[in-house]
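Trainee: Please take one part of this model and go through it closely. I would like to see how its residues are placed and what lies around them.

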Amino acid sequence: MIKSVDTFDFSQITLPDSLAKQSLLSCEFVKDKQNLILYGHPGTGKTHLATALGVEACKKDFRVIYFKTSKLVNLLAQARQNNVVAKFWKKLANTDLLILDELGYIPFERVGTQLLFEAISDCYEKRSVIITTNLPFDEWNTVFYDQKLTTAILDRIVHHGRLILHDGPSYRLHNSKMQ
Ligand code: ADP
Ligand code: MG
């Protein structure tokens, strides 16, 4: 779903002191090849904000790709089987911003984890990554299984990264007609 920053209520999230809203909206983080982690419970606007920032980046002529993380992992595992992974690396090399949505909902199998690691490593200092997740950092090993791999992934993302906290109530529940 295409989402817009105009319809996003920023009072529901906490930006780090070092990141002004205006700088976020003007996609300076993409220009500077920095990463964002959008962290919070379900329904707190992570996908909305990640998508809307992707749209803003497109408006500035940055090249953006979006994946649900589990879909990318499956796609990469399949591509490896069919010997066409190189095609994906080429596509990735041509982007400025990779959006990985919903890391943490489903654990990945091993081959997929390795390939996801390679994808994130490939972005390091070359292009920006936005990751949305409901998992605190100390539980990322439940998705990646391997503690060393988890540390290596976090190390790369966090080095030039900022954490945006989606710490408001679930927008879905709050606005539900079932209330
Ligand atoms: P998450 O990805 O964190 O589970 P979503 O981004 O899918 O949550 O948000 C769920 C719904 O609530 C979407 O329709 C989204 O547009 C809306 N929503 C959530 N947070 C906000 C917000 N801060 N401002 C405006 N809409 C929001
Ligand atoms: Mg989501």
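**Helix α5 and its surroundings**

Mentor: In this predicted model, the buried residues of α5 are covered by elements including β2 (64-68), α4, β3 (97-103) and α6 (110-123). The residues in question are V85, F88 and L92, within a helix that spans residues 85-93. They share one side of α5, because the arc they cover around the axis is only 55°. An α-helix has 3.6 residues a turn, so residues three or four places apart point the same way. The face of α5 turned away from the buried side holds A86, K87 and K90, which are exposed.

F88 has a relative accessibility of 6% and so counts as buried. W89, at 22%, counts as partly exposed because buried means under 20%. A search of the whole structure gives 6 aromatic pairs. In one of them, the ring centres of F88 and W89 are 5.4 Å apart and the planes stand at 65°, so this pair is edge-to-face. The pair of F108 and F144 is also edge-to-face, because its planes are at 65°, with centres 6.2 Å apart. F108 belongs to the loop between β3 and α6, and F144 to helix α7 (residues 141-144), so their pair ties together parts 36 residues apart in sequence. F108 is buried at 3% relative accessibility, and F144 is buried at 1%. Ring pairs join these two with F137 and W140 in a cluster.

One of the covering elements, α4, comprises residues 69-81 and contains T69. T69 counts as buried, with a relative accessibility of 0%. Beyond four places in sequence, T69 touches L100, D101, E102, L103, F108 and L116.

Technical notes
Residues numbered from 1 in each chain as written. Chains lettered and ligands numbered in written order. Predicted model: local features only at pLDDT ≥ 70, side-chain atom pairs only at ≥ 80, totals over all residues. Heavy atoms only, no water. Helix = DSSP H or I, 4+ residues; strand = E, 2+ residues; numbered from the N terminus. Buried < 20%, exposed > 50% of the residue type's maximum accessible area, 1.4 Å probe, protein only. Contact = heavy atoms within 4.5 Å. Arc of directions from axis to C-beta. Phe/Tyr/Trp six-rings, centres within 6.5 Å; stacked < 30°, edge-to-face > 60°.
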